[in-house]
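User: Could you walk me through a few spots in this model? I'd like to follow the reasoning behind each answer.

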Amino acid sequence: MAALAPPTQRRFDARGRRLDYAGRTLVMGILNVTPDSFSDGGRSAALDDALANARRLVAEGADILDIGGESTRPGHMPVPVEEELRRVLPVVEALAGLPVPLSIDTQKAVVAEAALKKGAAIVNDIWGLMGDPDMARVAAAHDAGVVAMHNRSTVDASIDIVPDILAFFEQSLERAARAGIAPARISLDPGIGFGKTFEQNLAALAALGRFVALGFPVLLGTSRKSLIGKVIETTPAERLPGTIASNVIGIMAGCAMIRVHDVGAHVQAARVTEAILHAA
């Protein structure tokens with residue numbers, strides 16, 4: 001990882017807001033402003049509903065709000081850029097005054113830039129700066145925080161997924177370095193549920209400590225995902241216990257952030273986990 005040295009302090013910089021994750025897990029609340037997300041599609045599609053849900057997540061203890069206007073569930077239909085902008089920009093603009101930073105969950109640089117101009121502070125890119133060739137430049141130009149997620153365009157059950165993730169992160173960090181993105185502005189996400197088999201998802205979760213050892217804050221996103229439903233048959237709405245279990249494992253492995261639908265439950269789980277770890 002010589003291309004970009006990890007940050008020297010355990011703080012994630014979101015356009016000047018320094019989020020301290022030293023001994024305290026940051027909770028990113030999910031706000032999907034889409035009609036077709038796998039778990040909560042339609043719940044926040046209307047502006048008033050989105051604003052009410054955002055304020056509820058903050059009241060429950062969210063440290064970051066992640067706003068997405070395009071579902072990335074398996075089999076999703078791509079959303080035209082104009083439609084994605086129509087969905088997310090009014091929400092970002094209306095929530096820009098909240099006391100927590102806003103993250104824009106998009107794979108399109110033009111959407112990221114528009115949201116950053118409206119007050120977003122973080123770009124959450126499911127292609128880890130390796131998709132849209134302009135994404136790294138946009139993030140750097142706005143001093144935005146970046147979540148660089150591992151992804152694969154096709155699932156290949158034959159590969160060892162952990163070295164694949166590590167190699168992908170190396171490429172993402174090289175691209176970030178070339179664009180001038182500061183190390184303190186970068187978080188890495190192993191991309192649970194993206195381009196991986198069930199077994200590869202489990203292997204990635206078991207290897208979280210190896211990703212944490214790179215020195216960058218690691219974000220874990222397992223909330224209500226099909227991985228849990230394959231361990232024990234459940235609908236997305238029934239997967240809170242499994243989600244908490246996976247996130248507790250992540251916290252114990254050193255993950256800095258967890259991305260969740262159920263903020264209140266995870267704030268409690270995180271604080272109890274941290275208290276036990278600090279007492280050891």
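User: Is aspartate 63 buried or exposed?
Analyst: Happy to start there, keeping in mind that this is a predicted model. Aspartate 63 is found in the loop between helix H1 (47-59) and strand E4 (64-68). Buried means under 20% relative accessible area. Aspartate 63 has a relative accessibility of 12%, so this residue counts as buried.

User: Which residues is aspartate 63 in contact with, leaving aside its neighbours within four places in sequence?
Analyst: One place to look is leucine 102, which is 39 residues from aspartate 63 along the chain, with 9.3 Å between their C-alpha atoms. The contacts of aspartate 63 beyond four places in sequence are Val100, Pro101, Arg24, Thr25, Leu26 and Val27.

User: Why are the buried residues of H5 on the same side?
Analyst: Good one! Helix H5 spans residues 161-179, and its buried residues are Ile161, Val162, Ile165, Leu166, Phe168, Phe169, Ser172, Leu173 and Ala176. They lie on the same side of H5 because around the axis they cover an arc of only 160°.

User: Which elements do the buried residues of H5 pack against?
Analyst: Two are strands and two are helices. The buried residues of H5 pack against E7 (145-149), E8 (186-189), H6 (198-206) and H7 (208-212).

User: What is the handedness of the crossing of H9 and H10?
Analyst: Helix H9 (residues 240-253) packs with helix H10 (residues 263-279) at an angle of about 35°, their axes 10 Å apart. Their contact has nine nonpolar, four polar and one charged residues. The crossing of H9 and H10 is right-handed.

Technical notes
Residues are numbered from 1 along each chain as its sequence is written. This is a predicted model: local features need pLDDT of at least 70, side-chain atom pairs count only at pLDDT 80 or more; totals for chains, interfaces and linings use all residues. Side-chain values use heavy atoms; hydrogens and water are left out. Axes are lines fitted to C-alpha atoms, for helices over the stretch in contact, and angles run from 0 to 180 degrees between N-to-C directions. Helices (H or I, at least four residues) and strands (E, at least two) are DSSP runs, numbered from the N terminus. A crossing is left-handed if the near helix is turned anticlockwise from the far one by less than a right angle, and right-handed if clockwise. Ala, Val, Leu, Ile, Met, Phe, Trp, Tyr, Cys and Pro count as nonpolar, Asp, Glu, Lys and Arg as charged, and the others, Gly among them, as polar. The expected span of a helix is 1.5 Å times one less than its number of residues. Buried means under 20% relative accessible area, exposed over 50%, partly exposed in between (1.4 Å probe, protein chains only). The arc is that of the directions from the helix axis to the C-beta atoms. Contact means heavy atoms within 4.5 Å.
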